[in-house]
Amino acid sequence: MSELEPKPDRRRFSFRVARAFLITAAYAVFWLIIWFLTSTLLASFPEYQKLFSVIALGLLFFTFAIALAEGTIYKYILKIIRAFFLIAYLTYATNSGVLKVSFENLVFTVEFVPLLALIIVINLLEIAKGLLQAIEFAAHSPKD
Amino acid sequence: MRLTIKALGWTIILLWIFTLALPVSVAFSLMKLAEGRNLGIQEPTFMLSNGNISISMPIYVNNTGFYDISEAGVKIRIGKADKTIVTLYRDLPNIPAGQMVNTSCILTASLMEIFQKDCTLLTEDANLNVNAALHFRVAYAIAFNVAQNFSTRWGAPFHNLTYILAYDGATHTFSFSISFNNHAFFPLSGPFEIRLYNSSNYEIGKTSLYLDVPSGEFFQETVDVAVDPLGVTNRVLIRMFFADLHVLETEWILP
């Protein structure tokens, strides 16, 4: 660290961490409500509990990291990574848009490939937006 | 650039609203369709004509949902053990939102093709595996498929097919006493043929009789087959046919 650079403001950093925790906690409550609403209905889907934990924890991590990186270029990079994560996760978790549930002799299949394609398009737009925001942020940041 | 970012932001929000609203409204649409007497399937009827078996199910759908129902179809796959014997498929008409459609789902299969796939079904009762599936797409976006597996008992038309054979060397005549039970749900009517071959696979005689055996009835008859005395060998091959179907092939050694 150069001597000309200001020393890190610990109070400001602690405030930022606390703020990130609060935002993440609010999102955690939201995911908990979603869990209570869907767990009984979708419990029969294979690996539902595991898949739900992955998406909830993954998005909570990104919420915390993005809130912590507020005011830096990392915020936009994290948003782009989150969009990639959502594309990969949704494609895997939904078995490329075809879900199958079995109840004894009855097999129920839902195919929503067009909807998944739309979600992927949304996330690609999110990536484009993140890139543009990162470029704009870099352009407006004071140079060394 | 800010304007582009804002436009992208709004597009993303609108697309998310549409993406999340669509499955919810499709679910409500299906719930509306399921309630009351908007959907009905009447008792299926079985018909047999020209060697084809037809299953007819009158269906009515009153689409009270918000979206059109398209790509509707019924598929029935019948198999024995792991082998598929017949697959029946029928497309149903599209049902636009707010309209009622009365239709009949008719599935037809050729008995000849079924028996050619597995000729043991002619002579042996069996447990068949049936997979019946209903497929439809709502709002041209989300497709649903409901399939059920169950087993059904197949009654063979020539169940317990037996014959008692006697050869009269003086008249060169084979006398067959044939008996079987028609366990099939349909009556048997058509030509039944017995062909005899010598050890060189040369046809030495044949005879035919017309069968008319109602479902569930026992059949027994004696028929004579006059053979070419020069062609008779110690080993005789007996082949029985119903229509063009190979029912039985067996060997008989002259005493």
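Reader: Let's start with A:Asn123: in which helix of chain A is it found?

Author: This is a predicted model, and helix 4 of chain A spans residues 113-140 in it. Position 123 belongs to that run, so A:Asn123 is found in helix 4.

Reader: Is A:Asn123 buried or exposed?

Author: The cut-off for buried is under 20% relative accessible area. A:Asn123 comes in at 2%, so the residue counts as buried.

Reader: Which residue of chain B is A:Asn123 in contact with, leaving aside its neighbours within four places in sequence?

Author: Within chain A, the contacts of A:Asn123 are A:Ala83, A:Leu86 and A:Ile87, once neighbours within four places in sequence are left aside. The list also has a partner from the other chain, and that one is B:Trp16.

Reader: Over to A:Thr109: what is its relative accessible area?

Author: A:Thr109 sits in strand 2 of chain A, residues 106-111. Buried means under 20%. A:Thr109 is buried, because its relative accessible area is 12%.

Reader: And which residues of chain B does A:Thr109 contact, with neighbours within four places in sequence left aside?

Author: On its own chain, A:Thr109 is in contact with A:Val98, A:Leu99 and A:Lys100, again leaving aside neighbours within four places in sequence. Across in chain B, the contacts are B:Ala143, B:Phe144 and B:Asn145.

Reader: Zooming out, what pattern does chain A follow along the sequence?

Author: Chain A has 4 helices and 2 strands. Reading along the sequence, the order is α-α-α-β-β-α.

Reader: What radius of gyration does chain A have, next to a compact globule of 144 residues?

Author: The C-alpha atoms of chain A fill a box of roughly 75 × 30 × 20 Å along the principal axes. A compact globule of 144 residues would come out near 15 Å, but chain A has a radius of gyration of 20 Å.

Reader: How far apart are the centres of the positive and negative side chains in chain A?

Author: Chain A carries 13 positive side chains and 10 negative ones. Take the centre of each set, and the two lie 6 Å apart.

Reader: Last one, on cysteines: how many disulfides does a search of the whole structure find?

Author: A disulfide needs a pair of cysteine sulfur atoms within 2.5 Å. As for the surroundings of two cysteines, B:Cys105 is buried at 0% relative accessible area, while B:Cys119 is partly exposed at 42%. Over all chains, the number of disulfides found is 0.

Definitions and conventions. Residues numbered from 1 in each chain as written. Chains lettered and ligands numbered in written order. Predicted model: local features only at pLDDT ≥ 70, side-chain atom pairs only at ≥ 80, totals over all residues. Heavy atoms only, no water. Buried < 20%, exposed > 50% of the residue type's maximum accessible area, 1.4 Å probe, protein only. Rg over C-alpha atoms; globule rule 2.2 N^0.38 Å. Lys, Arg positive; Asp, Glu negative; His and termini not counted. Charge placed at Lys NZ, Arg CZ, Asp CG, Glu CD. Contact = heavy atoms within 4.5 Å.
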